[in-house]
Amino acid sequence: MTLPHTADHTTPTAANPAGASPDHRRSAPATAGADPVALVRRHLIQEPPTGLPVPVIERQNGARIEARDGTVWLDAAGGGFGGGHLAVRAALAEQARRTALSSRILLSRPLAGAVTDLAAFCPGPLSVSYLCNSGNEALDASLKLAKGTHPGRGTVLGIRGESYGTLSHGQSLRSGRPVLPGAPLRPETVPADAPETLLERVDASVAAVVIAPAAPGRPLERLPRSWWVQLRERCHRTGALLVLDERLTGPARLGSDLGAGALGIFPDVLLLGETLGADAVPVGAAVMTAAAYQRVYGRRNPSLHGSTFGANPLSAAAVSAVLGAVTSDRLAERQREFAAEAGRLREGPAGLGDTVRELHADGSLLWVRARDAAGAAALAGALARRAVLTRPPSGDLLTLLPPLTAERTDTDQILARLADALKDVAAHRTEEATA
Amino acid sequence: MSATTAATWDRQRILTALGRHWNSTAALMLAATSRQVESHARGSEVFAEDGSAYLDFAGSYGVFLVGHQNDAVRAAVLDALERAPAALPGTVHPAAADLFAQLTEVLPAQLDRFTLGCSGAEVSEAALRAVFLARPGRRKVVIVDGGYHGKTLGALTVLGQEEHRRDFLPRDPDLVTVAPGDAAAVRRALAGGDVAAVFVEPVLGGAYLRVPPREFLPEVARACQESGTLLVADEIQTGFGRTGALFAIEHSGVVPDIILLSKALTGGFLPVAVAAMTGDVLEAARRSPDWHPGVLEGTVPSGAAMAAAAATIREVRSRDLPARAERVGKALREGLREAVRRHPRHLVDAPGIGLMTGLRTRNPSVENLISMQMAARGIHLGHSLNEQMDQPVLRFYPPLTVEAADIQRVLTALEESLEWLDRRPAWLMERITWLLRRQYRLPPALVLKLMHSNLKVNW
C-alpha cells in the first residue's frame, strides 16, 4: 500500500485538489509489443507453468483451435460446448446486438425462456433456476441456500480432491479444510477412493451434501443406484440439502441429457456451469425444487440473493440456444459414440500396457490414471507434442474433455493421438527401465 | 422445449414463467409495477417492445459506464464471438493479454498481479483469501457500516449490510464494523495488531451512498501501514471514471494493497471482474503454510468477456470519460442539491461525486414514490430495493456518455415528481413505509390491487 506523502510516484493529498488525477501510473505503456504468453504469465496469478507449449488462440471451431503461430490444436481441455456452432453463435450475436447486460427494470423475454427451458430440461421437481455468472457461483448459491435453510448447521459434505470450483467454500471442499477463518460452513470430506463413505457422514449437523454423478477418477457406476437412493433418503430424513453437481457432467457430457437420469433420484438442487453459455457467456445455474427455494427466498425481498450480472439477457439467450442445440443436434448421442470409441483403446493385444492403471470414459468425460504423477505429466506432454490440449494433470490423473460439439473426425483424432501418446510414454518408460 | 419458447409470449405469460421458474417475489414486483417487456438499448436509453423508451439512470448500479451498446465494445464482443469466444485452459487468449496490458497502464504500477473472476463477489472472496494468507494469525477484518462486497457465501462474511446477512450467518466477533468516514474508529480497531485487512469502498456506494471526508482514506491507509494491516479498495462501483477520476483512490493519492474491479469493466456486455494486488501481498500469501496452488485463482472469464473489458478501458481512456463525468456531472449534482433545498420534507441530502450521485430520502416510501413517478415520466433510477433502511439513497448513475440535455430532462421530471409528492399528506408516507416493510408478506392479489395492476399472479 502506498500513502500520500510517502511515495515518490504519488501526488500528496494536499496537492491533489478534487478531480485531479495523480500520475501514479506508468508513464508509457510497458507492454507494447509484448509476447501475449509472457505478458499473461507475468500478471496472472496461477499455478506455475507446466513447461508445455502454450498456444495463443486465433480461432475456434468445435474442437479445432487455430493458434497464432499457424499450428492447429485439438481441444480436450475446455470441457464445454465448443465455439463455432452456427445457430448458437447467431443467437448470441443477435441478443448481443439488442441488449446484453441489463438494469433488469423491464420484463426479460430471454430470461423467461431460459428458466422455462431449464425447468423442462431438468428432471422431476427441479423447476426454479437461480441464474448466475459461473458454475462456481451456482455451487456457492446452493451452499447459501443450505445455510439459509439451516442457519444453525455448520457442515457441508463432499469428496476430497474433487473439483468444487474457485469460490472459497468450493475450495474448502476440495482441500478438506476451510480457506476463510470465519467461513459459515466447514467442509467435511471423505477420500476420493472411498466415496461411498460419504453416506455414513450424513446427519442432522449437515447443511448440505455436494456430489457429482461422476468425476475424473470416479466412474458413473462407482456408486450404485442403491447407494444414491440411500443418500437421497438420508438427506431427506436429516434435512440436509442434496446438491447434485453437474457443472462438468451436464448437459450431455455423460451421454445422456443429465447424469441425474442414471441415479434414480431427484436432488434438491442441480448445478450447471459454463457449458450453458457456449463457453462464450459466463453463466451458471442452480436449479432447485420450488420447496427448497421457497423455504429461504419465498415471500422475501428479491434482492436477498442475486448479483449485478446474473440472469442477464445475453446469458439467458445462451442457455436457451445451448439447450436447444443439445436436443436438436443429439449431442448426448455424440458423447456416447465417443465413449464407445474411447473404450477401444483398452482393446488389442497389449491393452493399455503398464503405463496406465486405468482408462475410463463416461460419455466424453475421459480420464486416464497413470502409474504416478510423473506418468500423468509425461502423458500430458506427449499429447501436447501431438497438438492435443489437456488440463494440467491432477496427481496421477489426466482428464480429457473435448467440447460437446466436436466433430467426429476431430474426436477420432484426439483418441488416435492419445493412443499414440500412450505408446510413446510406454516406449520411453521401457527405455528408461532398460537403461 | 425449444430455443424459441418465449418468442411469442405475451406479458402475462412471461411473468408467469418468471414467477414459476425464477424469482416469485421479483415477478410479483414486476407485475405490480406493470412493467413492459425489454426490447433493446442504446446509449442512455432502454426501449420496450411496446415502443416506449426510458432514460436509464439506474445503469445497473454502475455497469453502463460507456452507455448501452457502445459501438467499440460491441464490435470487440462480436468479433470474439465470431473468432474465438472461449478462454481455454492451457492457452492464452489474445484478449487476456490485451486486458492485462490495459490494466497495467491504468492501475498504479504496484498493483500488477491479477486474479480474474466473473463477478465482483468472486474477486472479493479472492481478496479475502489473499489477506488471510498474507497475514497469518490475524482473523479480524474491518469493514464500513453499509459497505457492500458481494453476496456469495464467503463475501457475506464482510458484508456491511446486516439486513442481507443475518438470515445466513450470525454476527462474527472477528468482523469489526466502523461508521462511514470514521477514520479514528478504524485506527482504534487496528491498534491491537490483529486485523488482517480493512475492506473499504473509497466512496461508500449502494443505498448507503456517502462521499467520505477528504482525509478519510489517507488516514485509514496510514493506520494500516503502521499496523501492518492490508488495505483493500473495492472500486467495483467507482472504478473507471464514475467519480470523476479513473479510480476513486486518485482523489486522495492512496494506493491500496488490493483493488477490486468489475461492473463498468464489462462495458455492459459480459461479466468480468479483477482483483489486482501487489507483488508483496502475493509473496506474503505464498509464504503462508496454508498456501496451495489455485487458492487465489478465480473463474476465468470467456475470451469474449475479456475482449469487452479491454475495449471498455480503451473507450474510457480515449474519450476521457472520467473528466466528462466531472464536467457533465456538475449539473446533476447541483440539480440534486437544489432539489434537497426545495423539498426538505422528503429529502435529506444529495451525496455525489462525478456521476455517482443520489438523493438520500426521508424514508423508503419517498424513495419508492419518486422512483415510480420518474418511471411514469420515462426515467429509470437506481432503486435501493431496501425498504428496511431508514433513509435509503435513490441513485442516479447515468452513463458517463450522457448528454447534458438528458440531465436537464431528469431534473425537470424530478421537480415535477417532488411537487406531486408535496401534495401528499405526511401520514400517507408513514402508511406507505409501513406497507412497504410488509409488502412481501401481503397476499399477492392484494399487492396487485393496491397498485392498480391488471396482471395476474398465477404461479
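This report walks through how the parts of a predicted model fit together, from whole chains down to one residue.

## Where the two chains meet

Let's start with the big picture. Chain B uses 130 residues to contact 118 residues of chain A. On chain B's side of this meeting place, helix α4 (residues 94-106) of chain B gives the largest share, with eight residues.

What kinds of residues make up the side of chain B that touches chain A? Sorted by class, there are 67 nonpolar, 38 polar and 25 charged residues.

## Two domains in chain B

Now zoom in on chain B by itself. Its domain assignment lists domain 1 as 19-69 + 321-450 and domain 2 as 71-318. Measure from centre to centre over C-alpha atoms, and domain 1 of chain B sits 27 Å from domain 2 of chain B.

The two domains also touch: 27 residues of domain 1 of chain B and 26 residues of domain 2 of chain B take part in the contact. On the domain 1 side, the elements giving two or more residues are α11 (321-342), β13 (356-361) and β15 (393-396) of chain B. The largest share there comes from α11(B), with five residues. By class, this domain 1 side has 16 nonpolar, nine polar and two charged residues.

## A pair of helices

Helix α11(B) has another partner to look at: helix α13 (residues 404-422) of chain B. The axes of these two helices come within 9 Å and cross at roughly 10°. An angle under 35 degrees counts as roughly parallel, so that is how α11(B) runs relative to α13(B).

Which residues do the touching? From α11(B) come B:Val328, B:Ala331, B:Leu332, B:Gly335 and B:Ala339. From α13(B) come B:Ala404, B:Ile407, B:Leu411, B:Leu414, B:Glu415 and B:Leu418. Sort the residues of this helix contact by class and you get nine nonpolar, one polar and one charged.

## Zooming in on B:Met429

Last stop: a single residue. You'll find B:Met429 in helix α14 (residues 426-436) of chain B. Is B:Met429 buried or exposed? There are 21 other C-beta atoms within 10 Å of B:Met429, and a residue needs 20 or more to count as buried, so B:Met429 is buried.

Some of its surroundings come from elsewhere in the sequence. B:Met429 and B:Pro364 are 65 residues apart in sequence, while their C-alpha atoms are 8.6 Å apart in space. If you skip the neighbours within four places in sequence, the residues in contact with B:Met429 are B:Asn363, B:Ser365 and B:Val366.

Conventions: Residues numbered from 1 in each chain as written. Chains lettered and ligands numbered in written order. Predicted model: local features only at pLDDT ≥ 70, side-chain atom pairs only at ≥ 80, totals over all residues. Contact = placed C-beta atoms within 7 Å. Helix = DSSP H or I, 4+ residues; strand = E, 2+ residues; numbered from the N terminus. Nonpolar A, V, L, I, M, F, W, Y, C, P; charged D, E, K, R; others polar. Domains from an automatic or database assignment. Axes fitted to C-alpha atoms, helices over the stretch in contact; angles between N-to-C directions. Parallel < 35°, antiparallel > 145°, perpendicular 65-115°, else oblique. Buried ≥ 20, exposed ≤ 12 C-beta atoms within 10 Å, placed from the backbone.
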